[in-house]
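Dear colleague,

Here is the structure I said I would pass on. My notes follow below it.

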Number of protein chains: 2
Amino acid sequence: MDDVETRELRYFVAVAEELHFGRAADRLGIAQPALSRTVLRLERRLGVSLLERTSRSARLTVAGEVLLGEARIVLDAVGAATRRTRRAGAARGRLVLVLKPGGDAGLLPRILADYGADPDALEVELLFSIGERAAMIRDGRADVGLLHHPQNDLSGLDAEQLHTEERVVALAEDHPLAAKDVLYLADLAGEPQPHWPEAAPGTAANGPLVQDVGQLLQLVAVGRAVALVTESAARRPFQGVVYRPVPDAPPTTTVVAWSSGSRSRQVAAFVASAVRCAAAASS
Amino acid sequence: MDDVETRELRYFVAVAEELHFGRAADRLGIAQPALSRTVLRLERRLGVSLLERTSRSARLTVAGEVLLGEARIVLDAVGAATRRTRRAGAARGRLVLVLKPGGDAGLLPRILADYGADPDALEVELLFSIGERAAMIRDGRADVGLLHHPQNDLSGLDAEQLHTEERVVALAEDHPLAAKDVLYLADLAGEPQPHWPEAAPGTAANGPLVQDVGQLLQLVAVGRAVALVTESAARRPFQGVVYRPVPDAPPTTTVVAWSSGSRSRQVAAFVASAVRCAAAASS
DNA sequence: CGTCATCCATGCCCCCAACGTATCGGTCCG
DNA sequence: CGGACCGATACGTTGGGGGCATGGATGACG
């Protein structure tokens with residue numbers, strides 16, 4: 001009755017994304033009839049119609065939309081399972097920590113020192129990523145990460161708060177708003193604000209897409225954008241950029257996050273180090 | 001290279017749980033050699049040893065432990081996918097709400113009325129469960145639930161807070177501690193406290209296992225247990241049971257929770273109703 | 001110390017199901 | 001009306017998953 005295989009889900013996802021059996025079959029490296037049959041069998045087994053086939057194209061039904069979302073979750077979980085298992089099997093594993101360059105609120109050196117003091121600590125591999133940190137933890141490419149709340153989507157992850165900072169706005173020094181000592185969100189409403197690729201839900205920005213902090217500050221310096229950044233980032237001076245406090249911007253919390261359900265002792269030890277260091281730093 | 005099928009994961013989980021190929025094969029309804037081959041192929045594909053076979057028994061390797069946890073996540077996700085897809089396909093679906101009897105903090109009637117006022121609201125099916133509510137949401141048996149923080153493990157779920165209540169302790173009226181007007185956790189330290197099957201991590205209780213509130217109050221009335229309950233539960237009188245405030249017990253927050261990644265408009269509408277009602281009730 | 005029991009792996013065979021090729025039926029377009 | 005396009009169907013082939021029988025290793029036991 002039940003017995004859905006990941007192969008069937010992979011096939012269905014391909015069709016659901018292409019909305020075209022031929023192209024999907026190409027992408028999967030199989031012939032179109034095999035794909036048709038597999039999807040039909042999946043529909044029969046579930047007792048549900050997933051696609052409305054017109055002879056010109058295909059559209060997802062409501063149930064198909066649901067299954068597309070669920071299947072992606074399953075396939076991510078399968079990928080995470082293989083990656084994590086392989087890594088656990090590799091001799092004397094490493095702990096992969098993902099973070100955004102400069103996104104450690106200055107805590108990283110202390111955390112690494114503290115964790116490394118544990119005699120059976122693993123080697124910590126640093127993995128830098130701008131826009132995919134949460135996804136990298138979810139899918140097993142990283143074991144643990146430094147993320148920011150509420151900028152990152154933490155669903156599916158467990159997290160401990162490390163540090164909360166007010167946000168300041170970076171402006172070109174000759175920007176008209178730089179004349180004021182304090183700015184409010186209302187002042188910035190019309191300004192182009194760059195956005196990161198890390199698509200947090202509901203944060204539509206109107207400015208250019210940036211890939212790293214240097215690029216962002218460059219844009220700010222030439223007056224093409226204004227950007228909300230954290231206090232700690234503002235301690236790094238940049239030619240032509242000035243910072244002004246924004247009291248009503250929601251503060252940013254740096255968190256250490258890991259995959260929910262990770263029972264790894266190593267991850268727990270690293271998190272404990274991070275929390276301890278953050279507590280020590282704030283006192 | 002990659003291509004792990006759910007069947008292989010099901011087989012591996014059976015072996016990992018039984019630590020015995022023969023029994024696992026029985027449980028799966030297949031013969032032992034087929035199971036051996038499938039697990040071996042899985043190990044070869046992952047490039048990792050999952051089990052240490054002694055000729056007397058089998059033990060999990062570290063990688064095997066990891067895969068066991070990951071595989072359970074995958075299989076839960078597959079089950080959830082099929083259930084949710086089937087439900088979405090069933091004509092004009094229902095919204096399944098799971099809660100503990102009496103665990104609604106008195107909000108349920110208002111929430112149902114408010115949600116039902118939406119012209120395209122679905123029929124809400126109430127599903128009562130004591131110890132598995134979070135799991136039922138995770139695996140798709142329910143769409144949304146009323147849970148309690150920190151008693152329930154909310155990992156893998158999204159939640160909105162509805163209502164926070166202090167906790168009180170239920171005592172037999174002739175219990176020695178009932179003489180005091182206010183009790184503290186220290187006073188209760190030696191008393192047998194019943195526990196629910198809902199295994200929140202790290203809450204080891206020393207009392208009997210109870211399955212419902214009536215049973216719990218019965219145990220309290222006969223002096224076999226004392227129990228921390230919420231204020232709202234304490235409004236229901238029970239023969240021979242008295243309640244005393246416990247100011248230092250952590251308060252209980254009633255939350256409405258749903259599966260992370262549910263993009264369902266219906267779930268969102270229900271959550272909005274719940275939040276709205278809770279806000280109205282507390283003002 | 002030899003025998004037996006237990007447990008997992010392997011060899012052999014069968015058969016199902018997943019695949020590919022060819023084709024059909026329906027729809028849109030020129 | 002013919003051709004192009006798209007998904008479903010027919011049919012033959014084959015790889016692999018499964019069962020049965022057996023092998024090889026190890027611990028138990030008399």
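In this predicted model, A:Gly156 is the residue of chain A that comes closest to the rotation axis, with its C-alpha at 2.4 Å. The axis comes from laying chain A on chain B, which takes a turn of 180° and a shift of 0.0 Å along the axis and gives an RMSD of 0.3 Å. The two copies are therefore related as by a two-fold rotation axis. As for how they meet, 100% of the interface residues of chain A are also interface residues in chain B, so the copies use the same surface.

One residue of chain A that I looked at is A:Ser49, in the loop between helix 3 (32-46) and strand 1 (51-53). A:Ser49 counts as partly exposed because it has 14 C-beta neighbours inside 10 Å. Leaving aside residues up to four places away in sequence, A:Ser49 touches A:Glu43, A:Thr61 and A:Ala63, and also B:Gly89 of the other chain. Between the C-alpha atoms of A:Ser49 and A:Gly64 there are 7.4 Å, with the two residues 15 apart along the chain.

In chain B I looked at helix 8, residues 213-221. Its buried residues are B:Leu216, B:Leu217, B:Leu219, B:Val220 and B:Ala221. What do the buried residues of helix 8 of chain B pack against? They pack against three strands of chain B: strand 7 (167-172), strand 8 (227-230) and strand 9 (241-245). After helix 8 of chain B comes B:Gly223, which has a positive phi, near 80°.

Regards

Methods: Residues numbered from 1 in each chain as written. Chains lettered and ligands numbered in written order. Predicted model: local features only at pLDDT ≥ 70, side-chain atom pairs only at ≥ 80, totals over all residues. Helix = DSSP H or I, 4+ residues; strand = E, 2+ residues; numbered from the N terminus. Buried ≥ 20, exposed ≤ 12 C-beta atoms within 10 Å, placed from the backbone. Contact = placed C-beta atoms within 7 Å. Least-squares fit on C-alpha atoms with pLDDT ≥ 70 in both.
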